[in-house]
Amino acid sequence: MRTAYHWHPESRVFVATSEQLESPLEPGVFYPPGDATFDPPPAVPAGQRAVRNAINTAWVLEPIPAPPAPAPPPPAPTPEQQQAALDRAVQRRLDAQAIAWGYASLDRAATYAASTVAKWRTEAQALIAWRDATWQAAYAVQQAVLANTRPIPTEAQLMDELPAAPVRPT
């Protein structure tokens, strides 16, 4: 057996060793695998690394590069982005209630407000009344934020301030 010294195929940095078997057809002959040599790298001092040169004739030592600087954190959302996110959360809440009642969305449920089927009409009217009260409360919070009389709420805080979902009419 003979030790082979492997390098990374792109960076050419020394990465590992392996034991290679003698050629079964050529006694005493050993073949290194690709991206490897039988030439051992030199002792590597702290802060450096062994790299195989481009023409595969020798190992060279080079300093270990400094890690890249961490990416800067994303910018804080603008008030407009925060408001849009809260609007989407309110709409998700409205739609979730309509879906729980078997409708595709609150918009679809609202189309039953004039239904000839009393159950669907009553459910649609209950959801519409709740939708209207919910958006009135959400817009009141928005106006208070714009008037600087309160901070922008978190999604959980806003949900706690909105009217409770209606009980499904029977």
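Select Asn148 to begin: with a relative accessible area of 68%, Asn148 is exposed. This residue belongs to the loop between H3 and H4. Its phi is positive, at about 60°, although Asn148 is not a glycine. Please bear in mind throughout that the model is predicted.

**A second asparagine**

Next, select Asn56, in the loop that lies between strand S4 (48–52) and strand S5 (59–63). Here too the residue is not glycine and phi is positive, near 55°. Is Asn56 buried, partly exposed or exposed? Its relative accessibility is 34%, and since partly exposed covers the range between 20% and 50%, Asn56 counts as partly exposed.

**The three-stranded sheet**

Now display strands S1, S2 and S3. They form an open sheet in the order S2-S1-S3, with antiparallel pairing. Strand S2 (14–20) and strand S3 (36–37) are the edges; each has a single partner strand, so one side of each is left without a neighbour in the sheet.

Take the pairing of S1 and S2 next, which is antiparallel and spans six bridges. To see one position in it, select Arg2, which stands opposite Gln20 in S2. Then follow the hairpin of these two strands, where six residues lie between them, and stop at Arg12, whose phi is positive and near 65°.

On the other side of the pairing scheme, strand S1 (residues 2–7) is joined to S3 by two bridges, and these strands also run antiparallel. Select His6 and look across to Ala36 in S3, which stands opposite.

**The nonpolar core**

Leave the sheet and turn to the helices. The largest nonpolar core contains 18 residues, and Val90, Leu127 and Leu158 are those with the most contacts inside it. Colour helix H1 (79–100), helix H2 (106–110), helix H3 (118–146) and helix H4 (155–161), the elements that each give two or more residues to this core. Which of them gives the most? The answer is H3, with six residues. In soluble globular proteins, nonpolar side chains tend to be buried together.

Centre the view on Leu127 and show its surroundings. Apart from residues up to four places away in sequence, Leu127 touches Gln97, Ala98, Trp101, Tyr103, Leu106, Ala109 and Pro166.

Then move to Leu94, found in helix H1. Leu94 is buried, with a relative accessible area of 0%. Which residues does Leu94 contact, once neighbours within four places in sequence are left aside? They are Leu106, Trp130, Arg131, Thr134 and Trp135. For a sense of scale, select Glu10 together with Leu94: the two are 84 residues apart in sequence, and their C-alpha atoms are 54 Å apart in space.

**The largest pocket**

The last stop is the largest pocket, whose volume is about 180 Å³. Select Pro79, Gln83, Gln142, Val145 and Leu146, which lie nearest its centre among the 14 residues of the lining. H1 and H3 each supply at least two of the lining residues, and the largest share, six residues, comes from H1. Colour the lining by class to finish: nine residues are nonpolar, three are polar and two are charged.

Note on methods
Residues are numbered from 1 along each chain as its sequence is written. This is a predicted model: local features need pLDDT of at least 70, side-chain atom pairs count only at pLDDT 80 or more; totals for chains, interfaces and linings use all residues. Side-chain values use heavy atoms; hydrogens and water are left out. A nonpolar core is a set of buried Ala, Val, Leu, Ile, Met, Phe, Trp, Tyr and Cys residues joined through side-chain atoms within 4.5 Å. Buried means under 20% relative accessible area, exposed over 50%, partly exposed in between (1.4 Å probe, protein chains only). Helices (H or I, at least four residues) and strands (E, at least two) are DSSP runs, numbered from the N terminus. Contact means heavy atoms within 4.5 Å. On a 1 Å grid over the protein atoms alone, a cavity is a set of points where a 1.4 Å probe fits but cannot get out, and a pocket is an open set with protein on both sides within 12 Å along at least five of seven lines; lining residues have an atom within 4 Å of a point. Grid points are joined across faces, edges and corners, and a volume is the space filled by probe spheres set on the points. Ala, Val, Leu, Ile, Met, Phe, Trp, Tyr, Cys and Pro count as nonpolar, Asp, Glu, Lys and Arg as charged, and the others, Gly among them, as polar. Two strands pair if DSSP finds at least two bridges between them.
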